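Q: Hey, I'm new to this one. Can you walk me through it?

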Amino acid sequence: MTRPAVHANCVLLGTVGLLIRGDAGSGKSSLSDELIHAAGRRGNLGLLVGDDYVHVENRDGRLLAEVPDAIRGRMEVRGFGVVTTSFTPVADICVVVDLTDPDRLERLPDTPLDEVCLEGVQVPRLHCLKNDTGGALRLIRWALRCLRPEGPDYI
């Protein structure tokens, strides 16, 4: 049976897997790269799972993302090319980050995190402005603090 492929990036920050979705050119790779480096600057684990697409599956009620063999350890750096980077083959997805247009992002949402169902698993979802890496880092930091108040600050 073929596992579904999702047009998304995936990174692992400490124990937290993030699935980053968005249109082509929305900044998925740039955000992934910055998240990995932000975790490293704090002395935390930051690894790529997959760039551009990953396979997802429901495994015992958890959403797992796995990198396809063809792109293991490879990331596109727009304007530079495809580079090799440290990676992990699988991550347990704790948050979905959707990169959206400015007109679809609320300034003061009633609920900053909603949920999305992927492969039958409900996962917290955060909306971030596309191509705004700094703003997305800030929102992701606050989302992780909200979801894991006793957990470490990975970024």
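What follows is a short chat about a helix, a loop residue, the cysteines and a cavity.

A: Sure. Keep in mind that this is a predicted model.

Q: Okay, let's take helix α1. What span should its 14 residues have, and what do the end C-alpha atoms say?
A: Helix α1 covers residues 28-41, and at 1.5 Å a residue it should span 20 Å. Its end C-alpha atoms are 20 Å apart, so the two agree.

Q: Which residues of α1 are buried?
A: They are K28, S29, L31, S32, L35, I36, A38 and A39.

Q: Why might residues a few places apart in a helix end up pointing the same way?
A: An α-helix has 3.6 residues a turn, so residues three or four places apart point the same way.

Q: And what do the buried residues of α1 pack against?
A: Quite a list: the strands β2 (8-13), β3 (16-21), β4 (46-50), β7 (74-77) and β9, plus helix α2 (133-147).

Q: What about G43, just after α1? What is its phi like?
A: G43 has a positive phi there, about 80 degrees.

Q: Switching topic: where is T88?
A: T88 sits in the loop between β8 (81-84) and β9 (90-100).

Q: Is T88 buried or exposed?
A: Buried, because its relative accessibility is 15%, and the cut-off for buried is under 20%.

Q: Which residues does T88 touch, leaving aside neighbours within four places in sequence?
A: T88 is in contact with L12, L47, L48, V49 and V67.

Q: Now the cysteines. How many disulfides does the structure hold?
A: Zero.

Q: Why does C117 have no bond to another cysteine?
A: The closest cysteine sulfur is the one in C94, and it is 16 Å from the sulfur of C117, so that is too far for a bond. C146 is in no disulfide either, as its nearest cysteine sulfur, in C128, is 13 Å away.

Q: How exposed are C117 and C146?
A: C117 counts as partly exposed, at 45% relative accessibility. C146 is exposed, with a relative accessible area of 54%.

Q: Last thing: how many cavities of 30 Å³ or more turn up in the whole structure?
A: One. The largest cavity has a volume of about 40 Å³.

Q: Which residues line the largest cavity?
A: S26, G27, L31, L99, L129, N131, D132, T133 and A136. L31 is also one of the buried residues of α1.

Q: What does that lining look like by class?
A: The lining has four nonpolar residues, four polar ones and one charged.

Methods: Residues are numbered from 1 along each chain as its sequence is written. This is a predicted model: local features need pLDDT of at least 70, side-chain atom pairs count only at pLDDT 80 or more; totals for chains, interfaces and linings use all residues. Side-chain values use heavy atoms; hydrogens and water are left out. Helices (H or I, at least four residues) and strands (E, at least two) are DSSP runs, numbered from the N terminus. Buried means under 20% relative accessible area, exposed over 50%, partly exposed in between (1.4 Å probe, protein chains only). Contact means heavy atoms within 4.5 Å. A disulfide is a pair of cysteine sulfur atoms within 2.5 Å. The expected span of a helix is 1.5 Å times one less than its number of residues. On a 1 Å grid over the protein atoms alone, a cavity is a set of points where a 1.4 Å probe fits but cannot get out, and a pocket is an open set with protein on both sides within 12 Å along at least five of seven lines; lining residues have an atom within 4 Å of a point. Grid points are joined across faces, edges and corners, and a volume is the space filled by probe spheres set on the points. Ala, Val, Leu, Ile, Met, Phe, Trp, Tyr, Cys and Pro count as nonpolar, Asp, Glu, Lys and Arg as charged, and the others, Gly among them, as polar.
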